[in-house]
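Here is a protein chain to explore. Let's walk through a few of its corners and see which side chains meet where.

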Amino acid sequence: MTDSRVVVVGAGLAGLTAARRLAADGYDVTVFERREDVGGRVRSRRGDGYVFDRGFQVLFTAYPAAQRELDFDALDLRSFAAGAVVCRGDQRSVLADPLREPTALTETLFNTEISTMDKLRTLRLRADLRAKSVEEVFSGPDATIEQYLYARGFSERYVERFVRPFYGGITLDRSLSTSKRVFEFTFKMLSEGRTVVPARGMGAITEQLSDRARDAGARVVTETPVERLDVGDASASVHLPGETVSADAVVVAADPKASRELTCVDAIPTDAKSSVTQYFGVPPGHPMAKTDRIHLNAAGEIPTTVAPLSGVAPEYAPADQGLVAATTVGRRDEADSDLETQTRDALAEWYPAVSLRDFELLRTDRIDFAQFAQPPGVHEDLPDARAPSGPVYLAGDYTHDSSINGALQS
């Protein structure tokens, strides 16, 4: 044990990982979190037998930092089927990776939403990205996702009917103006691993990180916001409500806006991507309660994606119910009831023979800051961990890329 005291601001993925690492190295570590619970953007709530994540989220098991920092076995992971169901009116077709899911080969080959040439280009893209390292993905010239796909020869039909709804859901940007590096990275992760949720919800990830930080000796104090930092050459004063704590070093791992205010590092990105997720309780016999594939809306924007959570993880719902999450990207002005109506209309088109009478809207999550915006070239401008002056460090996805991997890596 050293005599050095380190304060970590924020108990999200980055802050808890930093706290565990520092405590394991012998530092005296205290984490201050302004909320009543840990997790930041990765949290879950439970009620009436349901698990509600803070908006629809998934974990890619191929994330290098997740493999290093998380105990997958203890998380009791549940996997989505590879690929997705592309929905247009009453037409539904499966597009999957036949190399990973041979049983879906026939459905994928006869999927008329996507041409044979685009399917072959997808396989070539998969092979090319598997051969690239993550470091190579995030280096070199950049472009938008849309520009990148057209440069590789993909058709407008492929972009409009598959990529726009699918990656619109991942990047929260249906315009596909996000950096092509984000596309390459996530496509690589999808190809190399599984898309999963923990049986107890995405919040189980931060609960595990919190437990491991405490086991290493860190203290995690909730409902205690850090109001200001006074930074000297070799120490810092951390101002809390009614108290000031001295520290030899401070790791700022708060949300981007709070981190920028505390450190005055203008390079921390604060332009946000937003989304709305509505959770529906559904009868257990409904097809959306039994499938394990994400559904993509190829004909409209509301909803962008529908995820059959209980079909993947039965633990997300009571035994006599199912749970689906319908997500629409962007900051929506529509009332919850209007979004519910439009989602019901879409699902009624996708499954016209099945009644929606027993669908019940259980919860609406409006996530104003789900990701920071990642236009082409943004990654060169992200701040370094040592960007603040004095013994102050940054830890957050905004130092790497806007993802669970970015937060853990930071």
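## Buried, exposed or in between

A residue counts as buried under 20% relative accessible area and as exposed over 50%, with partly exposed in between. Arginine 41 has a relative accessible area of 24%, so this residue is partly exposed. Keep in mind that you're looking at a predicted model.

## A pair that joins distant parts

Arginine 41 has a partner: aspartate 397, with which a salt bridge is formed, the closest N and O atoms being 3.1 Å apart. The two are 356 residues apart and link distant parts of the chain, with aspartate 397 in the loop between strand 20 (392–394) and helix 16 (404–409), and arginine 41 in the loop between strand 2 and strand 3 (44–47). Unlike its partly exposed partner, aspartate 397 counts as buried because its relative accessibility is 6%.

## The loop between strand 20 and helix 16

Let's stay in this loop, which also holds serine 402. Is serine 402 buried or exposed? With a relative accessible area of 10%, serine 402 is buried. It touches both members of the salt bridge we just met, Arg41 and Asp397, along with Gln371, Phe372 and Gln374, leaving aside residues up to four places away in sequence. A polar atom of the serine 402 side chain lies 3.3 Å from the backbone nitrogen of phenylalanine 372. Serine 402 and glycine 39 are 363 residues apart in sequence, with their C-alpha atoms 15 Å apart in space.

Threonine 399 sits in the loop between strand 20 and helix 16, too. What does its side chain reach at 2.9 Å? That would be the backbone oxygen of glycine 396. Threonine 399 also touches Leu382, Pro383, Leu394 and Ser410, again not counting residues up to four places away in sequence.

## More salt bridges

Side chains of opposite charge can pair when their charged atoms come close. How many salt bridges are there in this model? The count comes to 29. One of them joins arginine 219 to aspartate 28, with the closest N and O atoms 2.7 Å apart. This pair, too, links distant parts of the chain: arginine 219 is in strand 10 (residues 219–221) and aspartate 28 in strand 2 (residues 28–32), 191 residues apart. Arginine 219 counts as partly exposed because its relative accessibility is 38%, and aspartate 28 is partly exposed at 26%.

Arginine 43 and aspartate 37 make another salt bridge, at 3.8 Å from N to O. Here arginine 43 is buried, with a relative accessible area of 9%, whereas aspartate 37 is partly exposed at 28%. There's also a network of salt bridges that links Arg20, Arg21, Arg68 and Glu69.

## A look at helix 9

Helix 9 has 13 residues (180–192), and at 1.5 Å a residue they should span 18 Å; the end C-alpha atoms are 18 Å apart, so the two values agree. The helix is mostly covered, with 12 of its 13 residues buried. Among them are Phe183, Phe185 and Phe187, but also Lys180, Arg181 and Glu184. At the N-terminal end, serine 179 acts as a cap: one of its side-chain oxygens lies 3.0 Å from the backbone nitrogen of arginine 181.

## A nonpolar patch outside

Out on the surface, Met117, Leu120 and Leu123 form a nonpolar patch with about 270 Å² of accessible area together. Leucine 120 belongs to helix 5 (residues 116–130), and its relative accessibility of 48% is why it counts as partly exposed.

Conventions:
Residues are numbered from 1 along each chain as its sequence is written. This is a predicted model: local features need pLDDT of at least 70, side-chain atom pairs count only at pLDDT 80 or more; totals for chains, interfaces and linings use all residues. Side-chain values use heavy atoms; hydrogens and water are left out. Helices (H or I, at least four residues) and strands (E, at least two) are DSSP runs, numbered from the N terminus. The expected span of a helix is 1.5 Å times one less than its number of residues. Buried means under 20% relative accessible area, exposed over 50%, partly exposed in between (1.4 Å probe, protein chains only). A polar contact is a pair of N or O atoms within 3.5 Å; within protein, one must be able to donate a hydrogen and the other to accept it, and residues adjacent in sequence count only if both atoms are side-chain atoms. A salt bridge is a side-chain nitrogen of Lys or Arg within 4 Å of a carboxyl oxygen of Asp or Glu. Patches are made of residues with over 30% relative accessible area and no salt bridge: like charges are joined within 9 Å, nonpolar side chains (Val, Leu, Ile, Met, Phe, Trp, Tyr) within 5 Å. Accessible areas come from the Shrake-Rupley method with a 1.4 Å probe; for residues, only the protein chains shown count as cover. Contact means heavy atoms within 4.5 Å.
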